[in-house]
Amino acid sequence: MANVVVVGAQWGDEGKGKIVDWLSERADVIARFQGGHNAGHTLVIDGEVYKLHALPSGVVRGGKLSIIGNGVVLDPWHLIEEIKTLRAQGVTITPDTLMIAENTPLILPFHGELDRARESQNSVAKIGTTGRGIGPCYEDKVGRRVIRVADLADDATLELRVDRALIHHDALRRGLGLEPVDRIAVLSRLRAVAPEVLQYAAPVWKVMNDKRKAGKRILFEGAQGSLLDIDFGTYPFVTSSNVIAGQAATGTGIGPGSIDFVLGIVKAYTTRVGEGPFPTELEDADGQRLGERGHEFGTTTGRKRRCGWFDAVLVRQTCATSGVNGISLTKLDVLDGFETLKICTGYMLDGERLEYLPTAADQQARCTPLYEEMPGWSESTEGARSWADLPAAAIKYVRRVEELIQCPVALLSTSPERDDTILVTDPFAD
């Protein structure tokens, strides 16, 4: 059976939550493979709104196994609160429906404190982090001093891991003018939360491979967007993990040969939260209109998103780095009523035309967009469920996007409601 990876193909906030939820009806397993609770997915199902941060979007669907993979960094206290919130909304979450990889790193309170202290004292260039400790936790992971889920099961190991981490963190905190970490308090909080987390712990790599061999359909859910990838994003204004599709394998413990289809989620225009370059950003009435019509505020932070015209150069680039087989184009309805639409088809940098975004930060900042104009449409596309429901100008816009990004549209989303989706190619088709 086909296994599908879903990745954001811009700077995040592309509408992955709805698409993952829509696809999860066809899947048996939904696995989150990177990021932390800095991500946010909003699902609207039969008028009920669910806001997810750490949990895979599949948890709201009964009869599915949801997995948090080792590529994720997990705040255990936030996880427990998120589970409580969803249960209050009628969602059933048990160890039979949720598994957490035993080698998943844990975000501890001092990670968030370090994150916020760095950002507040950074007078050179703020990164625009959410301040939730995701970056410092990933640093501890590669520094071999992180506490992992499995460590919660043995108190002697837990103490050793905490002590190793504090040797590093207390030295950093002195340099930032922070008090040393309260070791006793950290251990006490970890011991208290351990039973709640350990009930979900499992050898996820084995579960995933067993499910694959049994012919189960697996849906891999990414967070953020490919332009925030630590290697291929607009560095240093990026997240602290690999966001592109290749991370689905290493972030869950399954071989890359098990991936059959990569679906890139692409918004019909472009948005970004936080700092960093944004070639097509609009600071005029059109940008304001996109933000208002698209309700462009972050699920996690509430921060207003920067808005701009569709950038085909960037999406073509992310489709290449993730090996995208087809895209899901979302929020087409936000473009309803624009008399003229613009698509970025290239950049000018120091008098030279470029067909890609350069790696150097100073060059990225100096790139100016080259636009192609297309007629807009006055009819509404909201709620359309077939090509016949779309205005001719909207179809032409979609087809031109396909040409410019060199990738076909597999799904077209026309509202936050899960059923307002036009299926062109089923990613799960064998």
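These exercises walk through the cores, a helix, a sheet and some ring pairs of one predicted model.

Residues are numbered from 1 along each chain as its sequence is written, and side-chain values use heavy atoms, without hydrogens and water. Because the model is predicted, local features need pLDDT of at least 70 and side-chain atom pairs count only at pLDDT 80 or more, while totals for chains, interfaces and linings use all residues.

**Exercise 1. Find the residues with the most contacts inside the largest nonpolar core.**

Start with the terms. A nonpolar core is a set of buried Ala, Val, Leu, Ile, Met, Phe, Trp, Tyr and Cys residues joined through side-chain atoms within 4.5 Å. Buried means under 20% relative accessible area, with a 1.4 Å probe and protein chains only.

Now the result. The largest core has 56 residues, and L332 and Y397 have the most contacts inside it. Helix 12 (residues 392-405) gives the most to this core, with 7 residues. Helices here are DSSP runs of H or I, at least four residues, and strands are runs of E, at least two; both are numbered from the N terminus.

Next, look around Y397. Contact means heavy atoms within 4.5 Å. Leaving aside neighbours within four places in sequence, Y397 touches A268, F310, L332, L335, L341, I343, M374 and W377.

**Exercise 2. Check the span of helix 12.**

The expected span is 1.5 Å times one less than the number of residues. Helix 12 has 14 residues, so it should span 20 Å. Its end C-alpha atoms are 20 Å apart, which agrees. Just after the helix, Q406 takes a positive phi of about 60 degrees.

**Exercise 3. Name the edge strands of the open sheet.**

Two strands pair if DSSP finds at least two bridges between them. The sheet has 10 strands in the order 7-6-5-2-8-1-9-13-17-18, with mixed pairing. Its edges are strand 7 (201-202) and strand 18 (421-423), each pairing on one side only. Strand 17 and strand 18 pair in the antiparallel sense over 3 bridges.

**Exercise 4. Classify two of the aromatic pairs.**

Rings of Phe, Tyr and Trp (its six-membered ring) pair if their centres lie within 6.5 Å; planes under 30 degrees apart are stacked, over 60 edge-to-face, the rest tilted. The structure holds 3 such pairs.

Take W11 and F278. Their centres are 5.3 Å apart and their planes meet at 55 degrees, so the pair is tilted. The two residues are 267 residues apart in the chain. Both W11 and F278 are buried.

Then take W377 and Y397. Centres lie 6.0 Å apart, with 65 degrees between the planes: edge-to-face. Both W377 and Y397 are buried.

Terms used:
Buried means under 20% relative accessible area, exposed over 50%, partly exposed in between (1.4 Å probe, protein chains only).
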